[in-house]
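Please study the fold shown below, beginning with its sheet and then turning to the helices around it.

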Amino acid sequence: MKISNRRSRRAATAVALGAVLALTVTACGDDGSGAGGDKGADGSGKGKIVFWDNNGGVRTEIWKEVIADFEKANPDIKVEYVGIASTEYQSKVDTALQGGGLPDVGGVGAAMLAGFAAQGALEPLDERLAKSSLNGKLNKDMVESLKAAGGGDDKLYSIPTSANNGVLYYRTDLFKKAGLQEPTTWDRFFEAANKLTNKGKNEFGYTIRGGAGSIAQALDAMYGQSGITSFWDSSGEKTTVNDPKNVAALEKYAALYKKVTPAADLNNDFTKMVAQWDSGTIGMLNHNLGSYQDHVKALGVDKFRGIPQPTGPGGKRVQVSNPVDGMGLFKSSKNKDAAWKFIEFATSKAENSKFNEAAGQVPSNTDAAKDAWISKAEPTKLAADALSDGSTTIVQLPYYLPDWNTISKADNEPNLQKVLLGKMSAKEFLDTLAEQLNTAQEEWNQQKG
């Protein structure tokens, strides 16, 4: 019964994410000494708070605009902004959990949520939300997705800011010149990747993500090609990542490296990958809605399109979930009331709309989601259409596992690089990944039992 309930929760979360997209102080308040065990305090609702951005650099400019708006509306509160690269954020928080120096507020998306919540780092926000002007104004599916990602206690530890989705960006001008059809299927994708490559002219069909964040992109390519629609088998205890169809899909995908991609892709995180594609000599890029504005700035709107991921067997589109992002209130904060005011303000209609227009993502505030810019941002609109027309199935990744972020990043990104280099087989890599996931799932089941 317990396992069945968890399977239901995972299935419900998968549906929720699809529906979401279709809807298209010093550190720690006073003394910077906050660590994971500190209970903190509500504080005066005034003074200084510290905010850690979990995508520093990429979102710094828009967050500074939001902060300026907040400080103008709340002159008795000062927000210290600390931008931390997404690849470094988890280790930064984990270090502060042990040694002190946690912020008052930080970016807490679904992928990291369970790990932080399991360490007692985050303040439950259900009561604050119930009393807030935000109550009833946040997308219910995003809220439920973050609740499900919190580790199973049905508490809300992060207020959603936005939802994302995987996108295949391609150069319309290069495709037209080469006489290629739009890469709406995986067969067309592989055909285009080969045809657009001319190494002598430094032209490549694709740029692959081999560095930080590579596992999620590889999973997207695997499940998209295999057509497998669940991350767990029917027992809910064994992952499908090493299913023979997924192994074959990864072999085909990894074989693209250096054949139709630059050799430098081995160390690509998303910023390097996006910058490389924006330089103008590469045909296709898999990323998400978040980089749309970067491409517009670099290429204009006439030289590229961002479309839903290619369809696979039987014309079905299968994608893995992109985590909902949000803002968490750290339990050790000495000024929780002021920190909550900042979260509340940042997710209000005007600020949430402004933030997500800049980020190219789907707003969490339901009033913001009605703003006109969404219909003008083609990839966002197409993603929503694809998720509402019945052609797309979302494979929900197990964000609820406290070990998920470590397994999907530090533990296995180096191994995926070995696969790209031909030093490890796709099967060996996926069997290792599956073993770790099955163990984590078993431990989670025992803990919740």
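In what order do the 6 strands of the open sheet lie? In this predicted model, the order is 2-1-3-10-4-11, and the pairing is mixed. Strand 2 (77–83) and strand 11 (362–363) form the edges, each pairing on one side only.

The sheet may be followed from the edge at strand 2. This strand pairs with strand 1 (residues 47–53) in the parallel sense, over 7 bridges. Within that pairing, D53 has G83 of strand 2 as its bridge partner.

Further along comes strand 10 (325–329). Strand 3 (residues 105–107) pairs with strand 10 in the antiparallel sense over 3 bridges, with M327 of strand 10 as the bridge partner of G107. Strand 4 likewise pairs with strand 10 in the antiparallel sense over 3 bridges; here P160 stands opposite G326. Of the 5 residues of strand 10, 4 are buried, so this strand is largely enclosed by the rest of the structure.

Two helices lie across this part of the sheet. Helix 6 (residues 140–149) crosses strand 4 (159–163), strand 10 and strand 11, running at about 115 degrees to strand 4. Helix 14 (residues 349–359) lies across strand 4 and strand 11, at about 35 degrees to strand 4.

Attention now turns to helix 11. Its residues 270–278 include the buried F270, M273, V274, Q276, W277 and D278. Among the elements covering these buried residues are strand 5 (166–171), strand 6 (204–207), helix 9 (214–226) and helix 12 (292–299). Helix 11 is followed by G280, which has a positive phi near 105 degrees.

Terms used: Residues numbered from 1 in each chain as written. Predicted model: local features only at pLDDT ≥ 70, side-chain atom pairs only at ≥ 80, totals over all residues. Heavy atoms only, no water. Buried < 20%, exposed > 50% of the residue type's maximum accessible area, 1.4 Å probe, protein only. Helix = DSSP H or I, 4+ residues; strand = E, 2+ residues; numbered from the N terminus. Contact = heavy atoms within 4.5 Å. Pairing = 2+ DSSP bridges. Axes fitted to C-alpha atoms, helices over the stretch in contact; angles between N-to-C directions.
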